Protein chains: 2
Amino acid sequence: MRTKEAPLTVRAPGPPALGLRERKKQRTRDALIRVALELFTEQGYERTTVDEIVDAVEVSQRTFFRYFSSKEEVAFAVQRMVEEEFVRSLALRPPEEGPLDAMRNAVLGSWDSVGEVIDRIVPVDLYLRTFLMIESTPALLAVHLRLSSEMEEGVARLLAEREGLDVDADPRPRIAVAAFCGVMRVTGQIWGKGTDPTLEGIRNLTERYLDQLGPALAPHWRGPRTGV
Amino acid sequence: MRTKEAPLTVRAPGPPALGLRERKKQRTRDALIRVALELFTEQGYERTTVDEIVDAVEVSQRTFFRYFSSKEEVAFAVQRMVEEEFVRSLALRPPEEGPLDAMRNAVLGSWDSVGEVIDRIVPVDLYLRTFLMIESTPALLAVHLRLSSEMEEGVARLLAEREGLDVDADPRPRIAVAAFCGVMRVTGQIWGKGTDPTLEGIRNLTERYLDQLGPALAPHWRGPRTGV
DNA sequence: AGGCTAGTGACAGTGACTGACAATTGACAA
DNA sequence: TTGTCAATTGTCAGTCACTGTCACTAGCCT
């Protein structure tokens, strides 16, 4: 459990100096996340009670539920940041890029940069282990899929706007996003079963699998394999 | 609430005459499903307690949990049958059909035949309302997505076998299924928001949307729309 | 008829979560 | 510095989903 250095006289530049109250909240929130993820990944999600978490952080259970609306939510705190990073990254793609290329580049780009974002809250490898835990815990997997599908809706709107289409009239944005995210999900699963538990590993797999979307939709699979 | 005709002397042919014990179980199970779905669709899932359900059916709570491992599970009892129908239907497609065509025809075909299957347990329109309720209840939507993804895994294996591929070596089966099912999911959502609450409505929408998978994955969307 | 056992009910207990109210503690003005 | 206000937190009691246990009832089979 790492301790946060508390600046005594000097203040780092950047975010507008938060008040003591705000900083305290931030600290409890981070502590709850870190402890929760540690316990979850060590003993399993179901076998970890909220009481254990709050005892370790020394706050009341009521406080936990003021920060997180459910035990599930705390498990997705970091994951949420990663997804936001992707959406941000997608919004920044140059408009000349076609929708699929934009998504592809956004994912690959965000895999390159999330490392630091994550590390501000928890060690990256704890995040990766959390990801594995989510995939292997039915209750969490379910929530994960729901959150993803919410994000998909947002991404579809973004793409539609980029291309000057109406999401509710033209099905292509939603369909493209659905297909694309389907591949992303498969990638995550395969990565989980594989043996390269690093950010880089997931990045490379992403690249390889996205390349297979076209071939996979060919009318027939027999015949020569392309790539991979 | 429909009553089941209890054959006194005559027995219908078909399934091998079940014992009294078996039939009783079947009846409580069906009653639990029907009552649960009725309450869920009327008052909402969260606002319905398990106690309300078991009181209406006159069994103990303990019995409910012997039939269904959770309150969620009962909400998916019918949905499960529909999915099984699809998988069965897919397994029956002629081997000459390409994987995408096979899935497409299997879905369309099963939408034509599930009507009767469903009706053996609950009125079809109760099923359709249940479907809407699932889509609009976060907790249930989550579970729904998880169950779908389990099914996707099964379908991918089926297709891989059909085509003589190894699912774990070749990513195309999983990717194709993921893309396909993504479209199906979008279709379900759109159907829910639309204004044609019939089995036929969902069938037609399915057909239209599947046709858009190709165009949606084109490098650019600008230019003429093909079809709907 | 009578023993066997699957299925059920009653009961007690756990864990996630919520509402209400009291206690504490930063923030900010006097 | 101090007193007031408002945001946070803790305590407590209660609901609801779900589980283990054990006694009991009722089909089933010889």
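Author: Welcome! In this predicted model, a residue is near a strand if its C-beta atom, placed from the backbone, lies within 6 Å of it.

Reader: Which residues come nearest to DNA strand C?

Author: There are 20 residues around DNA strand C, and G19(A), R21(A), S70(A), K71(A) and T63(B) come nearest. From chain A, α1 (20–43), α2 (50–57), α3 (61–67) and α4 (71–75) each supply at least two residues of this surface, as do α1 (20–43) and α3 (61–67) of chain B.

Reader: What classes of residue does the surface near DNA strand C have?

Author: The surface near DNA strand C has nine charged, seven polar and four nonpolar residues.

Reader: How do you know how the two copies are related?

Author: A turn of 180° with a shift of 0.0 Å along the axis lays chain A on chain B, with an RMSD of 0.0 Å. The copies are therefore related as by a two-fold rotation axis. In chain A, the C-alpha nearest that axis belongs to A179(A), 1.9 Å from it.

Reader: And what makes up the side of chain A that touches chain B?

Author: Two residues are in contact if their C-beta atoms lie within 7 Å. By that test, 35 residues of chain A are in contact with 34 residues of chain B. On chain A, α6 (99–119), α8 (138–162), α9 (172–193) and α11 (213–216) each supply at least two residues of this side, and α9(A) gives the most, with 11 residues. By class, this side of chain A has 24 nonpolar, six charged and five polar residues.

Reader: Why do you say that the copies meet through the same surface?

Author: Because 97% of the interface residues of chain A are interface residues in chain B too, the copies meet through the same surface.

Methods: Residues are numbered from 1 along each chain as its sequence is written. Chains are lettered from A and ligands numbered from 1 in the order in which they are written. This is a predicted model: local features need pLDDT of at least 70, side-chain atom pairs count only at pLDDT 80 or more; totals for chains, interfaces and linings use all residues. Helices (H or I, at least four residues) and strands (E, at least two) are DSSP runs, numbered from the N terminus. Ala, Val, Leu, Ile, Met, Phe, Trp, Tyr, Cys and Pro count as nonpolar, Asp, Glu, Lys and Arg as charged, and the others, Gly among them, as polar. Copies are superposed by least squares on the C-alpha atoms of residues with pLDDT of at least 70 in both.
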